[in-house]
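The report below looks at the fold of one chain and at the side with which that chain meets its partner.

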Amino acid sequence: MNRLDAETTPHAGGGDADVSSPPGAEPRTAASSATLRGTSPGAPLQVRGLAKRFGGVTALDGVDLSVASGEAVAVIGPNGAGKSTLLKLISGVHRPTEGEVWLGKQRLDRMPVHRITRTGVALAHQVPRPFHGLTVRDNVRIGAMAGRPHLHSDGIDEILAQCRLDIKASRPADSLRVLDLKRLEVARALATRPRLLMFDEVAAGLVGRELDEAIDLIRQVHAQGITVLLVEHIERVVRELVDRVLVLNWGRPMAEGAPAEIAANEEVRAVYLGDGDETRTPAARRAATPTASDAAVVLALESVSAGYGDMLALRDFSVRVQAGQIVTVLGANGAGKSTLCATIMGAVEARSGSVHALGQDITGMATHHRARLGIAHCQEGRRIFTGLTVAENLMLGAPLALARDEVRGRMERVHAIFPVLAERADQPAGTMSGGQQQMLAVGRALMADPQVLICDEISLGLAPVAIDALYRALAEINSQGVAIVLVEQNVKRALGIADHAVVLSRGRVSYSGSPEALLSDQALDAAYFGTADAASAAGSSPPPVPSAPHPLSASEGDLS
Amino acid sequence: MTLDVLAAGILSGGLYALIGLGISLVFGVLGLMNLAHGELVIAGAYLASLLVVDSGWDPLLALPLAMAGVALIAYPLQRYLLTPLLRGDKSAPLVGTFGLSLLAQALFQGVFGTHPKSLPASYADSGISVLGLRIQTIYLIAFALTTVLCAATHLVLTRTRAGSAVRAASADPATAAVLGINVSTVYAMTFAGAAALAAAGGVLTGVAQSFTPTSGLPLLLTGMAVMALAGIGSVGGVLLAGIALGVLQSASVQLFGGGMRDVVVYLAFFLVLAVRPQGLFRKAATG
C-alpha cells in the first residue's frame, strides 16, 4: 500500500511524464495516466445464463454474474467446477454454448479474441506464459500493442515500476523466478489497458512474503479502478481482496455473498472449504508414529550438493528420515526443493555427498533401480499419463514382473484409500479433475508398495476439500509404516502433519527441527527469507541479507 | 478404375503398412527417426535367403526366424549405440541411423554381392481368383499376415502391462523411470519389435520382388510416407494409410503410367499434410 501511495502521488501533482511530453502528445498521455491513476478505467461486466458444453460434458451451466465497474469479485469452487472455463469464456478463448457476456455496452461473446482484448479484457494466467527469448520490457511492450490507444513507453515504464520489474526490464523473461514471472504476467495484462482484469490463481505456489506482494499488486490494480475478477484457492487472497464471492460447483452457481457469509455457509464448507480443522488429522496420526529414536533410517542424505550447469541449486544438504516418519521440506520457490527430490530419485546427479536408502548407497544408482528399491516419487505437476486409463496408470506403478494377483491386491488397497479411482478405472486419466488426478498420482506411487514416499507439491492448485482428502490419505499411508518426505508450499498443512521440518533457503538449510517452532509467521518468515534470527543461524550477518537478495526490500528502500 | 486395380492397390498397401508400422513405432515411442529402417527390411530378406535359397526352406517358414534374427541384431544396436546417442544432441541419433544404413548396405554388398536376389516360392508368381478378380497369391498372403501383425501389435500395446509401459515411456520417459520402468530396456525392446516387423516385411517383399543391397531406401521413403499420412500413435491408422497409399499408387500407374507413380503419391502426400498436418487417422490418445 505504501508503494501505491508513492506511485500515485507524484502523478496527482502532475508527474514527470506529463511535464516533459510535447503538447501534441497531451491527450494520449492524459488518457494513460488516467488509466493508471484510476479515474475512469473500469467497466461493468455482465454475464447472463452462460453455459459451455464440451462434447457431452457440461463445464458450465446457467451462470449469471454481474460485476460493477471497479468492483472486485472472486470465483471459488472445487477443482473442475468450471472456474477457469468461466474466465476463458469471458476472454474469448472458448465460445459459450449459451448465454451472453457484456462488458459495458459491448457484447463480447461473439467477438474474436484479439478484439475482446482491445475492448479491455485481460487475463493473467495461473502458469505465467512469457514470450521466451524476449526481455521483460519487450514482453510488456507486446501487451501494449493490444491497448487502444497504444501505451507509449512512459506508460510501459510506469507499469514496470508498479509491478516492480523496472530493475529487471532488460533481462530475458526466461531468467525470472516465479514471483517475477507472475508480476510480468500482470504487467503484460496491464499494458493492454484493461477495463476488466481477470486473475486465474495467480497466487498459486507463492508463500509468505511472496504472497503478500502478490496480494498487494492485485490490490493496487483494483485501487486504480479496474474491474477485477479473481479465481483463487487461497482463502486469504479472497478474504483480503474482494467484497463478493461467487461459488461454483459442477459448473453451476452454488452461493454468492460476502467472504464472511461464504465462509459460514454449510453447503460451501461441505463441497469446497472442508472442515478447516488442520490439527485434527495429525493428532489422529501421532499415535501410529513410532517415536523411538533408534528406528531404522530409511533415507539419509549426507552433505549433498546438486545443480544444473554452473548453478548449484542444493548445497551441503543433510537429512535423515526414519521408518514411519514424516519429514516436510519447505521453502520459497527456487529454494531447491524440487532439485532435492530429483537428487533423491537420481534424475539429477549429486555433485558431492552421498545418498543412502534402505541400507544401500544409492548415490550413483539409476532412477528405475531406486524406484524398485522402494522409493516412490510423486512428482510435482502430477505427471500422470493422460492418454492412459486410470487403471493403466495405477498398474504402471507396480513392477512389471509382479504377479497379477498381487497387482490386483495392491490396487484394491489403493482403491480403499481413494475410492474415486475405482469408480473411474476405465476412464482416460486426463479427463479427471485436478484433485482426482493428484489422487491418482499418489495412488500410482503407492502401487510400488514403497517404504519411502516423496510427495512434491501435491496440494498445489487444489481446493481445500481435495487437500483435506489427500492429507487424510497421507496420514493413513503413513500409519501403515511408510516414511514420507513432504515437499510443500502449503506450510500450515505440512507442519500440521510432519514429525520433522526442514526449510531450504537458496539451496541451503535455513531451519531444521520441530515443526511446532515454525508455526508462528515470524519464525517462518525468518526461515524462508533469512531475516533476523535465522539469518544469523545460517551464518550470515543479519543486516545485508534481508535487504540485498530480495527485490521487495530493495524497492522499499528506494521509496523511503 | 477397374476393380483389379483397386484390389492390387489394397493388397500391396498391406506391405507398405507393415513397413510403416515399424517406423511409426520407433518414432512414436523413442522419438527417433530411424533412417536405417529400410536396411532392417532388407536384412530380413537376406537372412531368409540364407535358409530359402541355400537350404531350400519355404519363405513362410523362414519368416519367423528372420524376424527373430533381425530383432536380435537390433536390440543391442539400440541399447548400446542409439540410446546413448538419444541422450545427447538431437541430430546425433539421426546421423547415427543414417551411418548404420550406409554400413548395412556395405555389409550386404560384401556378403551377398550386388546381384538382385529373390526368395523363390511356389506362390511367388501364381495367382488365384477371388470373386472374379485375378490376384497374385503372395500379395494376398502378405496382406493377411500384415493384418495379423498389426492386430498383434495393437493388442500388445493396449492390452498388456508391457504395452502400457511402452506407452508410458513414450509419453513421459522421466516419470516412467520414477515408476521403476527401465526406459532403456523399453526402448531397446520397442526397436527390436519394430525390426522384427521390418524383417517380416522384408521376407514378403523378397518373395514378391527381387532385392539388392540398396533396395532399402525406397522402402524407407514409402514407410515414412505411410507414417506421416497415418499420424503417430494409431496402429489402425497405419494400416489404413498403407492401404490408401497402395490404392493411390496402383491407380496412378493405371491412369498416368509407371513414370508418374511416385510423383502422384508424393503430391497427394504433401496435399494431405498441408490440410491435416497431424495425419489422416490420428486419434487423441496413443495406441
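With 287 residues, chain B would be expected to have a radius of gyration near 19 Å if it formed a compact globule, and the 18 Å computed for chain B in this predicted model agrees with that expectation. Along its principal axes, the C-alpha trace of chain B spans about 60 × 45 × 35 Å. Buried residues account for 52% of the 287 residues in chain B, and of the contacts in chain B with a separation of 6 or more, 78% join residues that lie 24 or more positions apart.

The secondary structure of chain B comprises eleven helices and two strands, and reading along the sequence gives the pattern α-α-α-α-β-β-α-α-α-α-α-α-α.

Turning to the contact between the chains, chain B contributes 18 residues and chain A contributes 21 residues. On the side of chain B that touches chain A, the elements that give two or more residues are helix 6 (161-171) and helix 7 (173-178) of chain B; helix 6 of chain B gives the most, with seven residues. The composition of this side of chain B by residue class is set out in the table.

| Class on the side of chain B that touches chain A | Number of residues |
|---|---|
| Nonpolar residues | ten residues |
| Polar residues | five residues |
| Charged residues | three residues |

The side of chain B that touches chain A thus has ten nonpolar residues, together with five polar and three charged ones, and helix 6 of chain B supplies seven residues to that side.

Conventions
Residues numbered from 1 in each chain as written. Chains lettered and ligands numbered in written order. Predicted model: local features only at pLDDT ≥ 70, side-chain atom pairs only at ≥ 80, totals over all residues. Helix = DSSP H or I, 4+ residues; strand = E, 2+ residues; numbered from the N terminus. Rg over C-alpha atoms; globule rule 2.2 N^0.38 Å. Buried ≥ 20, exposed ≤ 12 C-beta atoms within 10 Å, placed from the backbone. Contact = placed C-beta atoms within 7 Å. Nonpolar A, V, L, I, M, F, W, Y, C, P; charged D, E, K, R; others polar.
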